[in-house]
Amino acid sequence: MDRFVAMQLFIRIVDSGSFTDAAQEMNISRASATTILKKLEDSLGVRLLSRTTRSVSPTHDGRFYYEQSLEILRQLNETEDILSEVAATQRGSLRIDMPNSFARLEVIPKLPEFCELYPDINLILSAGDRVINLVKESVDCVIRIGELADLSAVSRALNSLPQVTCVSPAYIDKYGIPLSPEALSNHFCVEYRTTTTFGVDPMVFNVNVDMHKEMYKVKCPAILSVNNGDSYVSASKAGLGIIQIPEYHIRQELQKGTLIEILSEYRPDPLPLSVIYSHHSHMKPALRAFIDWMVAHFGSHSC
């Protein structure tokens, strides 16, 4: 039994929750995948996976083996990269994905510098709010805003993004300004529905309770729901309600006065910003160059 092949197969089974999908990714039959995992469990003397008719999940021992296997394969990949003469060349295509507004407002205006520094790297950029599968869609890395929950990828934290609550002058003329988060029950917001779950997250504020900061969540009535960041901003500018959004997205509107920040003393915590790449692929030089460049621009100062 090839121990590294067994490790890779086990990781893919945990990531996909399926023997069939993992076997397809490694170009082997499902029967072969089952045999390899059985031999791996026998050699370790522990049960790694809990199987039902509907799902496959790691056991407690399996979760430990998963984490250790990730680290072993990561170190192996990095060692091979360092020793490879090809790995010393920063060239080739790089597929990246990020939120549309962050690409349009923050990254693309700075990209001429990257292209001048690395003329042999061809960037293929997709921009949207859809959550993608790095491995299945052959994407080298993604930029994500918010908390991460994907165990199948490696992330590097960048600077957090300040959030603001804002509204248009037209809305203020009609409904006035809420002076506290509690007052939002008498106001209207624009709802942002995620493209994956179509759920609506409440607005979040930091309030002082007995000299301690506590999180206060509010769901206020909505006139309109949208599932796109630009539409979210446009709806608020049109006077359709209050929004809560990363400050970079509406920086120009705040400067022009087409949107006005409210409840600034209750600002929520900043949103995490991360660059994520799959542990299945080598950290190729082009990807390392892009991540280092992102850190240089978005990891040492606020966006």
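Here is a quick tour of one sheet, a couple of helices and a buried glutamate. Keep in mind that this is a predicted model.

Let's start with the sheet. It is open, has three strands in the order E12-E7-E13, and its pairing is antiparallel. Strands E12 and E13 sit at the edges, each pairing on one side only. From one strand to the next, the twist averages 55°. A helix joins in too: H8 packs on the sheet, where it touches E7 and E12, and its direction makes about 135° with that of E12.

Zoom in on E7 and E13, and you'll find three bridges joining these antiparallel strands. Threonine 165 stands opposite isoleucine 262 in E13.

Here is where to look for the pieces mentioned in this report:

| Element | Residues |
|---|---|
| Strand E7 | residues 163–167 |
| Strand E12 | residues 243–246 |
| Strand E13 | residues 260–262 |
| Helix H1 | residues 3–16 |
| Helix H5 | residues 100–107 |
| Helix H8 | residues 229–237 |

Now for helix H1. Its 14 residues reach 20 Å from the first C-alpha to the last, close to the 20 Å expected at 1.5 Å a residue. Aspartate 2 caps the N-terminal end of H1, with a side-chain oxygen 3.0 Å from the backbone nitrogen of phenylalanine 4. Just after H1 comes glycine 17, which takes a positive phi of about 70°. Among the buried residues of H1 are Met7, Phe10 and Arg12.

Last stop: helix H5, home of glutamate 106. Is glutamate 106 buried or exposed? Glutamate 106 counts as buried because its relative accessible area is 4%, under the 20% cut-off. Its side chain makes a polar contact with the side chain of arginine 251, at 3.2 Å.

How values were computed
Residues are numbered from 1 along each chain as its sequence is written. This is a predicted model: local features need pLDDT of at least 70, side-chain atom pairs count only at pLDDT 80 or more; totals for chains, interfaces and linings use all residues. Side-chain values use heavy atoms; hydrogens and water are left out. Two strands pair if DSSP finds at least two bridges between them. Helices (H or I, at least four residues) and strands (E, at least two) are DSSP runs, numbered from the N terminus. Axes are lines fitted to C-alpha atoms, for helices over the stretch in contact, and angles run from 0 to 180 degrees between N-to-C directions. Contact means heavy atoms within 4.5 Å. Buried means under 20% relative accessible area, exposed over 50%, partly exposed in between (1.4 Å probe, protein chains only). A polar contact is a pair of N or O atoms within 3.5 Å; within protein, one must be able to donate a hydrogen and the other to accept it, and residues adjacent in sequence count only if both atoms are side-chain atoms. The expected span of a helix is 1.5 Å times one less than its number of residues.
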